[in-house]
Amino acid sequence: MVTLKGENIILRALEPSDLTELEAIENDEDLWFLSHTLQPFSKQQLKEYIAHSQNDVFITRQLRLVISSYKGSLLGLIDLFDFDPYHRRAGLGIIIAKKEDRGKGFAKEALKLLINYCFNRLLLHQVYCNILQSNKESLHLFEACGFERVGLKKDWNLWEGSYNNEWLLQLINSEDVH
């Protein structure tokens, strides 16, 4: 699918061969505050997740894609969640797995590809994301892709005994004529 191919990366479906890397990302406690994870995932849980990830987005209401280099290495994951075909909106989230791969433009390219897919294939009117106020890198990334801050949710997330504010950002499809 040309829609999900960029200059430096490709967005592809999860494969069983991604299990080890998916387990490392999902069970990285340093990332749990981003995903609101409170416990580790077993290999069996992740195998089942990969198996079910092949289901249609209109059924599961979510889509997780691998951000892959053209050489086949897994760079990260990008998610579409809370897919609502009636209101034509969905949430987006992204993670570049290794610190040494961050800041190289992979996330921005992946996000632009997914936005294009959402607007031109899924015919969404809008996409949104929720980003911790302290996550300056993600705020910069999403704003660089056209998202606007539309609301600050105060004391929204409790993590390790402290409440954290979270921004709601939104991108409306300006070419939507429906």
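F142 is buried, with just 2% relative accessible area, and its ring partner F147 is buried too, at 3%. Bear in mind that this is a predicted model. Here's a quick tour of its aromatic contacts, plus a look at helix α5.

**Aromatic pairs**
- Searching the whole structure turns up two aromatic pairs.
- In one of them, the ring centres of F81 and Y128 sit 6.0 Å apart with the planes at 80°, so this pair is edge-to-face.
- That contact ties together distant parts of the chain: F81 belongs to strand β3 (residues 74-84) and Y128 to strand β5 (residues 126-132), with the two residues 47 apart.
- F81 comes out as partly exposed at 24% relative accessibility, whereas Y128 is buried at 15%.
- F142 and F147 make an edge-to-face pair as well, with 5.0 Å from centre to centre and 80° between the planes.

**A charge over a ring**
- R149 is placed over the face of W167, 5.0 Å from the ring centre.

**Helix α5**
- Helix α5 covers residues 106-120, and its 15 residues should span 21 Å at 1.5 Å a residue; the end C-alpha atoms are 21 Å apart, so the two values agree.
- Eleven of those 15 residues are buried, so the rest of the structure largely encloses α5.
- The buried set takes in F106, A107, E109, A110, L111, L113, L114, I115, Y117, C118 and F119.

Definitions and conventions. Residues numbered from 1 in each chain as written. Predicted model: local features only at pLDDT ≥ 70, side-chain atom pairs only at ≥ 80, totals over all residues. Heavy atoms only, no water. Phe/Tyr/Trp six-rings, centres within 6.5 Å; stacked < 30°, edge-to-face > 60°. Helix = DSSP H or I, 4+ residues; strand = E, 2+ residues; numbered from the N terminus. Buried < 20%, exposed > 50% of the residue type's maximum accessible area, 1.4 Å probe, protein only. Lys NZ or Arg CZ within 6 Å of the ring centre and 35° of its normal. Expected span 1.5 Å × (residues − 1).
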